[in-house]
Each structure stands twice: as structure tokens, then as C-alpha cells.
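This report concerns a ligand site and the domains of the protein that holds the ligand. Please consult the sequence and structure shown here.

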Amino acid sequence: MTTTTQIRMAAYPVGMPQDSDFETATVELPELGDGQVLLRTIYLSLDPYMRGRMSTAKSYAAPLQPGDVMLGATVCEVLESRAEGFKAGDIVLAYTGWQTHAVADAEHLRRLDPQQAPVSTAVGVLGMPGFTAYAGLLEIGRPKPGETVVVAAAAGPVGSAVGQIARVKGARAVGIAGGPEKCRILTETYGFDAAVDHRSPTFADDLAAATPDGIDVYFENVGGPVTEAVVKRLNLYARMPVCGLVAGYNATERPAGPDELPGFMRRVLTLSLTIRGFIQSEFVPTHYKAFQQDMSGWIRDGEVNYLEDIVDGLDNAPEAFRGLLTGRNVGKLLVRVGEDPTGKDL
Ligand code: NDP
């Protein structure tokens, strides 16, 4: 009998998730049924959307219930298989959450080829975050050569891909990130044309200096004061794919200060803005194949780079998750739950 160690949501957090909002348990897994495999987790992906599931606020997906295993995409090794097409030793993309082992239905798994790309990229640049950037920018943002594209949380997996794809399409990419080190990474590693630190007291002026021709596409990842500054620089017919609002995920009350909505709506009207929210899954049927081809090619040709921030040990997932919500991660945040047999160089 195999056991799994799980991290569960113990209670709905108020504000930033605390240790007491999580609980750890070790339980026995059921015997394998037909069509099922036994999995060992190698990497757990930590993503901002998980905070949304730890809340009963109305959303596009059902919330976790107290006692549920924290959810999440994983890269796993098959230990045992009763499913056609899968054998022990295969590496798969799964959705088994914050736990060391799991029994999963094979129909929900995708086999990964370690020869093609490091397996961890299946939850990063070649997975959901990379796809989010691709679909949101190209389908909604539609950048044209010479236009200015601005993205915040730009050093993360979604934002860094947005900036690099914008450049592939001939646009000027301006990234917003927290702190000088992340800003350096934006221009040096990801090739952004300019980087602006949203923590700097001169942020609004710096943004103006970095966008002398205004902003044609704002890929919205954060919300809050960053958005307020960006909106003032939008051009006629600017497009705003609304992807995420991470600055507010732990909010417990309305922001202080004057109501910005009337001014914002006036801009929507007078500048003929297009603002469109999206959840990446909407575009999977229409765009996923092209994404895989394009993104693999861009990585191979050196047009898209990626960074990973790997934290060791499932026990450290709650603390790492808090870091994600405050900007401590640099690159795609992963927890290495168990040894990577493909020998990823760390
Ligand atoms: P990141 O790894 O970029 O992590 C989030 C980043 O947000 C932090 O590193 C931090 O970067 C930044 N941040 C946090 N708080 C603030 C704040 N108050 N003001 C400004 N920036 C802040 O995450 P992802 O790349 O995985 O995700 C980026 C966004 O995309 C999120 O909003 C996420 O919810 C969204 N998303 C949406 C999807 C969809 O289908 N719509 C799918 C996937 C992601 P910094 O230090 O630079 O401030």
C-alpha cells in the first residue's frame, strides 16, 4: 500500500494565507483500478489562481472546501500503470495538487518527452502560463509592429512571455516589475525595450519616460495603482486583455482614495478602448496547437527565454505561495517535491 503526504486547505484565509490555513496529512492511496496509474510528484506548479480557489467569492471555478487537497498542476513519474499507453518510468503532466503521490485516471494525463524540453517547462513557458500569454496577447491584444505593449508582473512566467512575444511580433515591449533586480532581468534576460519598477516613488514618471508614444496594448496582470498609472497613458484604440489582478487577491477591503471608475470609463469611451477579460482555457481548442509549435520554435531560436524559481520540499509550498503573492519569486515558481529522474541541471 502506497501512502501520500498531502497539504490541504484547512480554512478560508482572510488576507494573506497563514500557516493555520493549511494542514498536512499522510493517507493511504486506493488500489489502482483499470485505466489508472500511480504517480509520484516531481514538480508542483504554484500559481496565483490558487488564491482564488481558497475563497468563496463568486468566480469562474468552484472553490476548495476546507479539508480538500490544495489543487495544482504537477509533473509526475508513473510508478505503476494499469492504463494502456502508460508504463512505469513515464513522465506526465497531471493535475494532482499539493501531494507527494496520487492515483490518477490516465485519460487526464499528458505524456512528456524529456528529450524535447525540460519536463518542468510543461507547467511554465510551454504550459499554461506561456499559453495564457500567447492567447491573450495575440487574440485580444493584437500588437502591430511599432506599437507599444506594456505588461506588469513582467518577470513572471506570463508577463515575461507576453513581452517576448510582443517583440517577436515587432512591437516595443515595456515591462513593469518590483525592484531593480527584476527590472534588470527584464531587459537583460528577456530583451524588453524598457523596464519600470512599480515600487519606485517615481513610478508614474518613469512609466511616462518609458512610453513616449503612449501605450497601445496593456496586458493586465495586476490591477491596483499600477493600472491607474498605465491607464493614463493609453492611446486611441488601445487594447487591454485582462488576464489577472494579483495585486488584489488578498484584499479584505475596498482600496482607499477617490473613486477612479468614472475617470476610467470616460477613457474607455473617449479613447475607444477595447477591454476584454479572459480565462486561458477558453482558447485551448483554437490556439493550443499553434502555441506549442510557435513557442517551441521561439525557445529553440533563442527568441524566448525563461527562468524558473525552484523551491525544494512540499513542506515549503505554503511559504513559497505567499512569496508568489508578494513578488518574491523570480521566474516560474515550482516546488520540487521529489527527485527529477530526467536529471534536470539545477
Ligand atoms: P507571477 O509569477 O508573475 O507572480 C505574480 C507576480 O505578481 C509577483 O511575482 C509580483 O511581481 C506581482 N505582484 C504581486 N503583487 C503585486 C502588486 N501589488 N502590484 C504589482 N505587482 C504585483 O505570476 P504568473 O505569471 O503566473 O501570473 C501573472 C498573472 O496572470 C496573475 O494575475 C495570474 O492570476 C494571471 N493568470 C491568469 C490566467 C488566465 O487564464 N486569465 C492564467 C494564468 C495566470 P513583482 O515583484 O514584479 O511585483
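The text below treats the domains and then the surroundings of the ligand.

The model is predicted, with local features requiring pLDDT of at least 70 and side-chain atom pairs counting only at pLDDT 80 or more, while totals for chains, interfaces and linings use all residues. Residues are numbered from 1 along each chain as its sequence is written, and side-chain values rest on heavy atoms, without hydrogens and water.

Two domains, with bounds from an automatic or database domain assignment, divide the protein: domain 1 (3–124 + 306–336) and domain 2 (128–282 + 292–297). Their centres, taken over C-alpha atoms, are 28 Å apart. Contact (heavy atoms within 4.5 Å) involves 22 residues from domain 1 and 16 residues from domain 2. The buried area between them, meaning the accessible area (1.4 Å probe) lost on being put together and summed over both, is about 1400 Å², 60% of it on carbon and sulfur atoms.

The ligand is surrounded by 27 residues, each with a heavy atom within 4 Å of it. The closest are Lys182, His198, Asn221, Gln280 and Asn329. Each domain contributes at least three residues to this shell. By class, the shell has 16 nonpolar, nine polar (Gly counts here) and two charged (Asp, Glu, Lys or Arg) residues.

The table gives polar contacts, that is, pairs of N or O atoms within 3.5 Å.

| Ligand atom | Protein partner | Distance |
|---|---|---|
| nitrogen | Cys243, polar backbone atom | 2.9 Å |
| oxygen | Tyr249, side-chain N or O atom | 2.8 Å |
| nitrogen | Phe278, polar backbone atom | 2.9 Å |

Taken alone, the ligand exposes 920 Å², of which the protein buries 91% (Shrake-Rupley method, 1.4 Å probe).

Definitions and conventions
Polar contact = N/O pair within 3.5 Å; in protein donor to acceptor, adjacent residues only side chain to side chain. Buried area = accessible area lost by both parts, 1.4 Å probe.
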